[in-house]
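Work through the exercises below with the model open. Each task is followed by a solution in steps.

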Amino acid sequence: MNQTNKTNSKAVKTENTSTSNYKWRINHKGTDETDVRHSFLSNLEYNISKDPSNPALIKLYDQFLSLSYAVRERVIERWISTSQQYYSDNVKRVYYLSMEFLMGRLLGDTMMNLQLTKMSDEAMRELGLDMEEIIDQEVDAGLGNGGLGRLAACYLDSMATLKLPAMGYGIRYDFGIFNQKIVNGYQHETPEQWLQNRNPWEVERPEYKVKIKFYGRTMQYQDKDGHNVVSWIDTENVIAMPYDIPIPGYGVGNVNTLRLWSARSADEFKFDFFNSGDYIGACQDKFVSENISKVLYPNDNNISGRELRLKQQFFFSSASLQDIIRRYLLTNKNFKTFPEKVSIQLNDTHPAIATVELMRLLIDEHKLLWDEAWDIVRKTFAYTNHTLMPEALEKWSVGLMQHLLPRHMEIIFEINHHFMREVSFKFPNDLDRLRRMSLIEEGDDKQVRMAYLALVASHSVNGVSALHSDLLSQGLLKDFYDLWPKKFNNKTNGITQRRWLYKANPPLRDLINSSIGDGWITDLYQLKKLEKFVDDKEFRKKWMEAKHSAKVAFADKIKKWDGIVISPDTMFDVQVKRIHEYKRQLMNALHCIALYNQIKSGDTKNFVPRTVMFAGKAAPGYYFAKLIIKFINSVASVINKDPATEGLLRVNFLPNYRVSLAEYVIPAADLSEQISTAGTEASGTGNMKFALNGALTIGTMDGANVEMHEEFGDDNIFIFGLRTKEVDDLRASGYNPWDYYHKSPVLRQVIDLISSGYFCQEDPAMFAPIYDALLNHGDRYMIMADFDSFVNCQADVAKCYSNVDEWTKKSILNVARMGKFSSDRSIDEYAKGIWNVKPANVSLDK
């Protein structure tokens with residue numbers, strides 16, 4: 001896929017085959033074709049050190065670097081102007097703390113936001129180079145695991161486009177989300193190496209490095225004024241080195257910053273060890289320290305893995321807070337106005353320790369009194385919850401916390417003491433409530449409840465869909481809602497239409513622009529204008545042509561990347577997301593078997609040809625999710641090899657799902673599978689990306705599907721399955737999956753085929769755990785209960801798809817009614833309802 005070492009087959013065309021004509025005419029701000037071309041050639045020679053007229057030395061990655069630097073040059077001045085204006089106007093800023101930023105590739109995105117795509121393409125064509133080939137050299141920055149990190153990336157784009165003074169903080173992982181290979185049907189993980197080659201987008205900022213403390217002990221004493229003071233001493237220290245990535249807004253002068261922290265040893269080399277012959281010991285501190293930012297989400301199934309995970313969370317939280325305070329004090333003399341100038345958003349529970357670290361910095365380092373510091377903390381932080389599953393609410397052992405962060409554990413105990421008093425005043429004599437709400441979970445191994453800590457220390461707590469927020473306040477966090485109902489609010493997730501339609505789907509983008517103009521790029525509600533074309537036969541024809549073009553482009557790309565051959569003339573039925581039981585890829589695979597059984601029975605008269613595609617990664621330690629991947633591939637192998645399915649049904653697992661793959665498969669999809677058990681998915685954003693590109697949704701009433709159903713109308717989305725209350729009622733009444741096995745002939749035939757070993761004849765017991773999970777171990781996510789409803793709904797999908805006019809009308813209406821689901825709307829709601837941050841216009845003229 002990546003062709004870093006591939007040499008260009010022909011010389012880069014330069015004026016008179018010499019670089020002399022452009023050397024003295026570099027305009028770093030120029031945006032026409034000539035300016036970009038000259039910058040490209042200049043960077044190729046002076047930054048990459050390659051002779052533009054010598055093709056033998058020029059690799060494709062050199063071309064990518066040269067163009068990226070040329071584009072970056074047009075960002076730098078705006079980036080500097082933005083920072084200067086934010087400081088000079090002393091604006092309130094929002095700081096977005098997230099363990100994940102799934103940025104994907106940045107070259108195409110940056111060209112788009114600078115409105116340089118056309119000129120850059122012309123410049124490369126003039127030089128005899130292929131823009132698509134150049135863009136394909138960029139390795140995805142996979143600094144995230146899925147929806148959480150991709151949401152953070154969309155939000156950065158929207159904050160810059162809406163001109164909001166904002167900054168993202170995260171970790172510069174040496175190895176992001178692993179690369180996935182499928183070997184004999186199994187997932188194999190290999191290191192993701194986005195930093196193996198030079199990264200043109202980051203700027204190292206050693207002048208802003210900070211020291212991070214771990215371990216040690218605390219010492220209490222009185223200062224000269226008689227105040228009790230606590231010092232954290234005898235610590236092991238690590239250096240946090242910042243790397244900045246510019247985030248330009250679309251068509252505006254604002255360029256915000258994503259600052260990623262990399263761990264460095266505070267004592268990189270010990271000469272005494274070296275001189276005594278202990279060469280490994282001389283560098284031991286360096287190895288241990290740099291492990292902190294080595295890999296995204298180390299396996300936490302063991303003690304050392306859990307300690308490293310907590311280290312990562314504190315490392316980037318402490319570094320970010322020290323940086324935020326430094327920035328604040330550049331233009332403010334004291335902390336009285338800190339919450340008026342600083343808003344910190346916690347993207348899920350991972351950065352919750354930041355609340356305690358700000359307390360420590362304020363009371364221990366800056367000598368504020370407890371009450372004053374706590375008031376600042378609670379006015380500064382806001383917390384977004386992203387889960388409905390109690391087991392996903394992060395907890396840390398008190399013993400581990402005392403060992404790694406002794407001062408912070410003391411502060412947490414103190415916060416909990418004050419909080420328990422507040423609860424007891426509101427609910428006197430309710431000991432059970434105190435136990436449920438305490439920040440410390442009692443037991444043999446006491447645990448710190450980090451989600452509760454984030455909630456207590458924040459002035460706002462939001463869910464990410466209307467259903468999710470309701471379930472939080474009435475279920476998972478009801479005790480806290482009873483105490484502070486005004487803290488709770490909803491901010492439904494959104495996606496940036498600029499990456500996910502404008503950039504990812506040129507055929508559909510061009511049709512929309514020619515029909516309603518391009519105002520939708522920054523105001524997605526303008527897509528509503530497409531509704532007037534629903535009954536226009538010629539427009540519907542063009543719509544389906546655009547859709548087919550996207551399918552052909554994807555088919556070409558997946559054949560080139562992975563050797564997978566698919567027919568664009570079949571229905572593309574797509575489920576791409578993290579592999580997890582609650583997302584029910586397993587139910588989709590069972591439906592594939594049901595379709596296979598239908599074909600084998602000879603019932604093919606009205607069968608709609610279908611290509612079912614799965615993609616997604618399973619956590620390395622998640623055995624059952626990895627078994628599901630093996631199961632899907634085994635089912636696919638049987639189906640695809642059977643001559644009876646030729647031209648009717650194909651099943652493919654697309655390896656190594658990532659942002660760049662999503663940008664092809666999502667525009668190509670006809671049907672979007674959003675089939676999680678009702679009440680388990682907080683929101684989902686993949687559902688939005690598919691719908692924005694004209695795919696119809698088959699889904700449960702879960703997460704943001706509920707709001708999509710409200711926007712699209714009942715006739716334009718395929719809803720099936722139990723609702724959340726029905727799921728809860730069925731569990732309460734005693735759910736027995738065998739009941740559904742016995743009453744459904746279709747389901748029984750599918751299950752019997754699995755139990756017979758049909759899909760793994762060399763090891764018939766291979767998928768016994770799947771059989772047991774569905775029938776003997778409670779079927780936690782109610783696949784058996786929802787299966788018949790799913791199959792019937794899929795039959796409705798096939799019938800609708802065979803009616804091209806009906807399907808196309810629904811597709812157009814889906815896109816036309818997507819206005820609500822822009823990340824611009826989400827961020828505008830955060831800015832006005834939580835952060836109280838106002839736009840700061842940075843003029844392009846500057």
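**Exercise 1. A helix and what comes after it**

Task: Find the residue with positive phi that follows H12, then say how many residues of H12 are buried.

Solution. Start just past the helix. Lys367 follows H12, and its phi is positive, near 65°. The model is a predicted one, and local features such as this need pLDDT of at least 70.

Next, check the helix length. H12 covers residues 353-365, which makes 13 residues. From first C-alpha to last it reaches 17 Å, close to the 18 Å expected at 1.5 Å a residue.

Now turn to burial. The cut-off is under 20% relative accessible area. Twelve of the 13 residues of H12 are buried, so the helix is mostly covered. Charged residues can be picked out by name: Glu357, Arg360 and Asp364 are among the buried ones. Leu358, Leu361 and Leu362 are also on the buried list.

**Exercise 2. Span, bend and burial in H2**

Task: Compare the expected span of H2 with the distance between its end C-alpha atoms. Then locate its bend.

Solution. Count first. H2 has 29 residues, 60-88. At 1.5 Å a residue they should span 42 Å. The end C-alpha atoms are 42 Å apart, in agreement.

Then look for the bend. H2 bends by about 30° at Val75.

Now ask how covered H2 is. Of its 29 residues, 22 are buried, so H2 is largely enclosed by the rest of the structure.

Finish past the helix. Asn90 follows H2 and has a positive phi, near 50°.

**Exercise 3. Two helix pairs**

Task: Describe how H23 packs on H24, and how H22 crosses H25.

Solution. What is needed is an angle and a distance: two packed helices are described by the angle between their axes and the distance between the axes.

Take H23 (585-600) and H24 (623-641). They pack at about 15°, with axes 10 Å apart. That angle makes H23 roughly parallel to H24. The crossing is left-handed. On the H23 side, the contact residues are Gln585, Leu586, Ala589, Leu590, Cys592, Ile593 and Tyr596. H24 contributes Ile628, Phe631, Ile632, Val635, Val638 and Ile639.

Now take H22 (537-562) and H25 (659-668). Their axes come within 7 Å and cross at roughly 140°. H22 passes H25 in a left-handed crossing. Residues of H22 that meet H25 include Lys547, Lys551, Phe554, Ile558 and Trp561. On H25, the residues met include Leu661, Tyr664, Val665 and Pro667.

**Exercise 4. Positive phi in loops**

Task: Place Tyr215 and Met782, then decide whether each is buried or exposed.

Solution. Begin with Tyr215. Its phi is positive, about 60°, although it is not a glycine. Tyr215 sits in the loop between strands S8 (210-214) and S9 (217-222). Its relative accessible area is 12%, so Tyr215 is buried.

Repeat for Met782. Its phi is near 55°, again positive in a residue other than glycine. Met782 belongs to the loop between H31 (768-775) and H32 (783-801). With a relative accessible area of 1%, Met782 is buried.

**Exercise 5. Contacts of buried residues**

Task: List the contacts of Gln794, Cys760 and Phe821, leaving aside residues within four places in sequence.

Solution. Gln794 lies in H32. It is buried, at 1% relative accessible area. Gln794 is in contact with Asp573, His591, Arg610, Leu671, Glu673 and Ile698.

Move to Cys760, in the loop between H30 (745-755) and H31. At 2% relative accessibility, Cys760 counts as buried. Beyond its sequence neighbours, Cys760 contacts Met766 and Phe767. Cys760 and Gly251 are 509 residues apart in sequence, and their C-alpha atoms are 55 Å apart.

End with Phe821, in the loop between H33 and H34 (823-835). Phe821 is buried, with a relative accessible area of 0%. It touches Gly494, Ile495, Leu524, Met688, Glu707, Met708 and Glu711. Phe821 and Phe178 are 643 residues apart in sequence and 29 Å apart in space, C-alpha to C-alpha.

**Exercise 6. A second span check**

Task: Find the expected span of H33 and name its buried residues.

Solution. H33 has 13 residues, 804-816. They should span 18 Å at 1.5 Å a residue, and the end C-alpha atoms are 18 Å apart, which agrees. The buried residues are Trp807, Thr808, Lys810, Ser811, Ile812, Leu813, Asn814, Val815 and Ala816.

Conventions
Residues numbered from 1 in each chain as written. Predicted model: local features only at pLDDT ≥ 70, side-chain atom pairs only at ≥ 80, totals over all residues. Heavy atoms only, no water. Helix = DSSP H or I, 4+ residues; strand = E, 2+ residues; numbered from the N terminus. Expected span 1.5 Å × (residues − 1). Bend = angle between axes of the 7 residues up to and from the residue. Buried < 20%, exposed > 50% of the residue type's maximum accessible area, 1.4 Å probe, protein only. Axes fitted to C-alpha atoms, helices over the stretch in contact; angles between N-to-C directions. Parallel < 35°, antiparallel > 145°, perpendicular 65-115°, else oblique. Left-handed = near helix turned anticlockwise from the far one by under 90°. Contact = heavy atoms within 4.5 Å.
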